[in-house]
Amino acid sequence: MSDQHEVTDLAPTPGERFRNAFNSRDVKITMVFGVIITAFFVLLGLWFYPKFMPEIMSENMKRGKDVIVYFTVISAPIAGLVIAVALYTLLNRHHGENPPEEGASFRTHTPIVFAWTVVSAIFCIVAIVWGLTEMNVNSEDATANAKSALVVEVTGSQWVWTFNYPELGVQSEQLNLPLDRAVEFRVHSVDVNHSFWPVQLGVKVDANDRVTTLAHTTPNVLGTIDIKCAELCGLYHAYMETQGKVMKEADFNNWVTAQGGHVA
Amino acid sequence: MTTLDHAKVSESRPNPPKSLITKLNMGTGMIVGIVFAEVTYFWGKSMWDRQEAVMENRILTLSMFAWCIGFLIGIGAFIGPFRWLIGKDLTDEEQLFLAGKGQGVSRYFRYCTDHKVVGIQYLVGVMVMLGAGGTMAMMIRTNLITPGSKWVNAEIYNSLVGLHGITMIVAMIIVSTGPFGNFILPIMIGARDMAFPRLNALSWWLLFTAIPVLCSAWFFGGIPTGWTAYAPLSVQAGAGMNAFIVTIIIFAISSAIAGANITTTVVAMRAKGMKWNRVPIFVIGATMSVALAIPAFPSFMASQMMAGFDRTIGTHFYDAEFGGSGWLYAHLFWIMGHPEVYVILIPGVAILMEIAPVFARSPLFSYTTAVVGFAGIVGLSVLVWAHHMYISGWMPSLNGPFMVTTEMISIPTGLLFLVLLGTIWRGRPWMKLPMLGVYALIWNFLIGGITGIYLSDVPADDYLHGSMFVTAHFHYTLMGAALTGAIAGLAYWFPKMTGRMLDERSGYISFWTVQIGFQVLFLGMFAAGSQGQPRRVADYEQAFATSDLISTIGAYLVGIGMIVLLYSVVHSWRKGKIAPMNPWGAKTLEWTVPYPIYLENFHEAPVVTSDPYGYGRSEK
């Protein structure tokens with residue numbers, strides 16, 4: 001008996017306090033909630049975006065989509081923790097006309113504030129480094145393919161897109177691209193701002209009057225591309241869309257010839 | 001000291017002074033304003049040929065400014081400054097009259113300097129604006145119910161999008177700091193009024209003059225540019241654009257005045273003993289918000305003045321053909337635009353931080369962390385504007401740095417979550433209407449925050465920028481977080497502002513309908529954006545039909561819930577249960593004054609000896 005008394009009198013070490021904290025009922029229940037909600041968000045991230053995002057037809061699109069899916073998965077434990085704590089407090093909720101009895105009275109808890117800040121900073125750094133790396137890969141791809149890229153001049157005007165292939169001598173309102181060949185879009189507008197968005201290619205760049213802006217990608221899947229305007233550009237903004245095709249090199253060359261162009 | 005004594009004190013009606021001031025009110029303001037506008041209009045028509053667009057814009061813009069100035073003259077806003085010019089000032093009787101002493105309802109329609117009157121004016125004004133903006137939102141969603149619905153044509157649709165956007169943005173900027181920042185904040189810090197009562201009245205009536213101007217846009221061809229009003233589209237747009245420009249300039253002046261007033265009040269007029277670490281967190285949040293607005297909004301004003309010059313006197317600030325640049329507009333706009341979202345958000349979060357300790361009966365967890373969180377957000381928010389321009393083509397090499405600053409905001413934002421969670425942890429939350437807002441904020445702001453991280457990431461933004469995903473994201477933060485905070489604040493302070501309790505049953509029905517509808521609405525919109533539906537489109541393809549239908553159903557639920565809330569507010573205001581002095585058992589100073597609140601708030605100046613968060617079982 002006296003032994004026990006002595007033991008409890010000793011101040012617990014930080015390690016013991018840490019372990020004890022995890023033994024309390026409220027922390028345990030919160031952790032169970034946290035795991036369930038984390039799993040929910042992980043599954044949501046893995047299901048939602050692949051289900052709703054369109055077909056991936058370039059590495060840019062794949063990288064963008066990966067960022068979205070992985071960020072959801074990474075942030076799931078944070079969401080899990082936050083919502084678990086909120087849900088747990090709801091278990092003790094109080095109804096009625098009078099205030100409940102007084103709650104816990106801690107004013108602050110420095111280790112928790114410190115840990116929270118450090119952990120959120122780590123998540124933040126992960127997100128930053130990840131994003132910068134992917135962005136860098138995108139621009140390295142663009143630089144590496146700069147010489148061999150097929151140049152397409154994209155002109156936005158209210159409310160049509162036109163595509164000019166200066167090297168091939170073709171002008172068209174349909175965007176056709178050869179498979180697996182890098183492409184450089186040189187985008188400009190002749191009136192207000194537009195935003196050139198070949199949806200399945202995962203790139204986008206504004207079209208400005210008298211300025212040429214660039215977007216680089218390499219289509220790597222055969223199929224149809226939806227081309228939209230992503231910047232409100234006046235009355236028929238919603239209808240400023242067309243379709244493009246990624247086709248085999250031979251088909252592309254045939255199309256160029258049929259349009260009166262010359263194959264390089 | 002009983003409630004009855006107070007009622008007698010504030011009802012004692014001094015004899016109105018014999019002064020022009022007693023004759024002036026909203027009605028005379030409108031008459032003088034309309035006369036000024038008409039005179040300017042016909043003078044302009046006689047001077048310039050209306051056939052040219054530049055001339056028409058010039059005449060309309062001048063007429064709108066004339067309306068604003070005329071209204072302010074007509075309501076008596078300049079009587080005080082005019083007296084100063086001739087070396088005099090208002091007499092004491094006139095000042096008492098201006099403060100609305102014993103004037104009943106009529107003081108709400110006058111140039112009244114009492115901060116409580118201004119607070120109620122803001123509250124009603126905000127509700128009208130939210131109602132108008134919400135109605136437009138319903139019309140937008142109705143048009144998008146099926147592909148090719150053509151319920152309204154593209155021209156009207158674009159106008160609806162622009163007007164909905166700017167109405168809501170203006171309403172959301174003032175939704176917390178207007179009503180509560182004016183009515184509650186001075187009492188909370190133990191002040192007898194704001195630092196500059198006349199400027200306080202001026203800030204409200206300036207804003208008021210902008211409302212009819214904004215509405216007039218509808219009759220001049222609308223605002224077909226979205227609320228961002230990007231140039232050169234805005235230069236090309238019809239006469240309605242002038243109304244947008246005038247509204248923004250007036251609003252920027254109004255918010256600068258209100259911001260200077262609130263910051264000065266908080267810095268200089270706190271009760272004895274209210275050191276900085278004893279200031280209620282809502283006061284800190286509201287002050288940081290308006291202090292952030294002070295440097296941000298002049299940029300908006302400058303952007304619109306230059307747009308106005310382009311439209312009315314033929315300059316070419318934004319016209320590339322003559323050496324201008326649309327990017328210049330985008331920069332000026334977003335230098336205001338990104339701090340502005342935090343101007344909206346911070347007071348909403350701060351209100352809920354004020355509410356959480358009261359209803360969880362626990363101290364605010366780590367006051368310092370909350371302040372650091374707000375300060376971190378304010379500091380970083382001025383360094384992130386170009387994340388709205390990742391894909392504009394303007395200097396892609398700076399996308400990296402802007403991505404870093406933007407994602408860093410997640411750290412101070414995370415601290416705000418910690419404060420809220422730490423406060424409710426191991427408490428017994430009292431599930432009254434204001435407390436429900438805390439939980440709604442935690443969920444909504446979490447979704448808004450996480451989706452914000454994707455958008456801050458350049459490779460993901462390459463895909464998502466300009467899509468419905470962005471629309472859903474910022475509605476989660478602005479509506480799901482900031483508006484939820486404001487509505488919770490209304491439920492919380494309603495007893496103090498009206499003397500009556502907000503009806504609980506209709507309040508709960510409204511809360512759940514709005515929140516469930518909100519999730520349905522924006523889940524559908526996240527899906528549509530992920531699928532690749534651009535924002536601000538009047539029509540769309542079959543592929544997005546299901547997502548948009550779900551969105552519209554959710555929007556109607558939100559609409560129904562908001563109508564119930566409106567009913568709840570109006571009904572409770574007229575016939576609600578009489579509120580006790582401190583229905584929530586809160587410890588901030590505003591709960592120590594009975595309703596109706598004495599003209600100068602306190603009979604005896606309060607002395608503060610601790611912070612207002614001494615809740616909890618064994619306070620050490």
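Domain bounds here come from an automatic or database domain assignment. The structure is a predicted model, in which local features need pLDDT of at least 70 and side-chain atom pairs count only at pLDDT 80 or more, while totals for chains, interfaces and linings use all residues. Residues are numbered from 1 along each chain as its sequence is written, and chains are lettered from A in the order in which they are written.

**Exercise 1.** Describe how the two domains of chain B are placed and joined.

*Solution.* Begin with the division of chain B, which gives domain 1 (21-111) and domain 2 (112-592); their C-alpha centres lie 29 Å apart. Next take the contacts (C-beta atoms, placed from the backbone, within 7 Å), through which 22 residues of domain 1 of chain B meet 24 residues of domain 2 of chain B. Finally, on the side of domain 1 that touches domain 2, the largest share, 13 residues, comes from helix 3 (residues 53-75) of chain B, where a helix is a DSSP run of H or I with at least four residues, numbered from the N terminus.

**Exercise 2.** Work out whether the radius of gyration of chain B agrees or disagrees with that of a compact globule.

*Solution.* The radius is taken over C-alpha atoms, and the globule rule is 2.2 Å times the number of residues to the power 0.38. For 620 residues a compact globule would have a value near 25 Å, and chain B, with 24 Å, therefore agrees. As a further step, the C-alpha trace of chain B spans about 70 × 65 × 45 Å along its principal axes.

**Exercise 3.** State how many residues of each chain meet between chains A and B.

*Solution.* Under the contact criterion already given, 73 residues of chain A touch 76 residues of chain B, and helix 4 of chain A gives the most to chain A's side, with 15 residues.

How values were computed
Contact = placed C-beta atoms within 7 Å. Helix = DSSP H or I, 4+ residues; strand = E, 2+ residues; numbered from the N terminus.
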